[in-house]
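This report looks at how the interior of one protein model is put together, following its packing from a single residue outward.

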Amino acid sequence: MYDGYQKYGVDEATRYEEERRKESIWWQEEAFIASYFAKNKPRIILDAPVGTGRFLERYIDAREVIGIDISEEMLKESLRKLVDPRLNSVKLMRGDIFKLDFPDNAFDLTICWRFTHLIPDNLLVNALRELGRVTNGDILLQTYVARPYWRRFIISLLSLPAKVYRRLSGNLPPLLPWGHIHAYFHTHETIAAKIAEAGLIINQRIEIGPYNDNIVYVYQITKPTTS
């Protein structure tokens with residue numbers, strides 16, 4: 001049974017940005033989003049899932065922004081950012097990405113960030129169909145793609161002595177609040193197939209940077225144009 005509806009509680013939400021900001025990939029993702037908004041000026045935006053609202057300050061020029069998340073605790077964190085008067089166009093609500101309560105083609109841009117690794121392959125197309133239904137412009141889909149097996153194996157072997165030393169010395173790294181969350185890492189082939197099955201097309205695939213045994217990519221996808 002899919003466990004995504006209970007993945008982010010109080011501990012995960014309250015420490016999320018504090019811990020994630022320590023990672024270089026966080027800032028590489030921030031740079032990508034900043035670059036996108038420097039070149040594009042969408043007026044109506046969907047952020048799904050909005051999480052802790054990390055990108056909200058990028059939306060100050062938008063006419064309307066809706067951020068949804070299934071986790072009430074993550075929404076509480078994003079609500080803290082709405083004290084900024086420049087964000088009076090932002091509305092946050094609890095919502096399910098598999099059943100979006102919005103009309104067709106309601107948004108110029110949808111940002112779907114750090115979500116695909118939380119769902120198995122067989123649910124990807126369901127989410128993508130809903131995102132495609134409500135979006136009339138770009139969908140920015142962030143994904144984690146595993147490095148080739150042989151490279152992961154070599155990295156694991158090289159890091160084994162340090163891991164053994166830490167365990168024997170008792171100097172283990174602290175457990176992060178989301179360490180128990182099961183993650184699904186999809187291949188490019190799977191993601192491309194699910195995008196096509198959802199009736200969408202890939203305009204670009206942008207590499208953002210490495211993250212543990214994975215590479216972070218953003219797929220810029222849209223509906224096919226009709227002549």
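In this predicted model, Ile97 has contacts that reach well beyond its own stretch of chain: leaving aside neighbours within four places in sequence, Ile97 touches Ala48, Pro49, Ile68, Cys112, Phe115, Ala127, Glu130 and Leu131. Apart from the largest nonpolar core there is another core, of 26 residues, which includes Leu56, Ala62, Val65 and Val218.

The largest nonpolar core has 31 residues, and within it Leu46, Ile97 and Phe102 are the residues that touch the most other members. At least two residues of this core come from each of strand 1 (44-47), strand 2 (64-69), strand 4 (107-112), helix 4 (121-134), strand 5 (135-146), helix 6 (188-197) and strand 7 (214-222). Helix 4 provides the largest share, 7 residues.

Helix 4 therefore deserves a closer view, as the largest contributor to this core. Its buried residues are Leu123, Leu124, Val125, Ala127, Leu128, Glu130, Leu131, Gly132 and Val134, and these pack against strand 1, strand 4, strand 5, helix 6 and strand 7.

The axes of helix 4 and helix 6 come within 8 Å and cross at roughly 40°, which means that helix 4 is oblique to helix 6. The crossing of the two helices is right-handed. The residues that meet there are listed by helix below.

| Helix | Residues in the contact |
|---|---|
| Helix 4 | Asp121, Leu124, Val125, Leu128 and Arg129 |
| Helix 6 | Thr190, Lys194, Ile195 and Glu197 |

By class, this contact of helix 4 with helix 6 is made up of 4 nonpolar, 1 polar and 4 charged residues.

Terms used. Residues numbered from 1 in each chain as written. Predicted model: local features only at pLDDT ≥ 70, side-chain atom pairs only at ≥ 80, totals over all residues. Heavy atoms only, no water. Core = buried A, V, L, I, M, F, W, Y, C linked by side-chain atoms within 4.5 Å. Buried < 20%, exposed > 50% of the residue type's maximum accessible area, 1.4 Å probe, protein only. Helix = DSSP H or I, 4+ residues; strand = E, 2+ residues; numbered from the N terminus. Contact = heavy atoms within 4.5 Å. Axes fitted to C-alpha atoms, helices over the stretch in contact; angles between N-to-C directions. Parallel < 35°, antiparallel > 145°, perpendicular 65-115°, else oblique. Left-handed = near helix turned anticlockwise from the far one by under 90°. Nonpolar A, V, L, I, M, F, W, Y, C, P; charged D, E, K, R; others polar.
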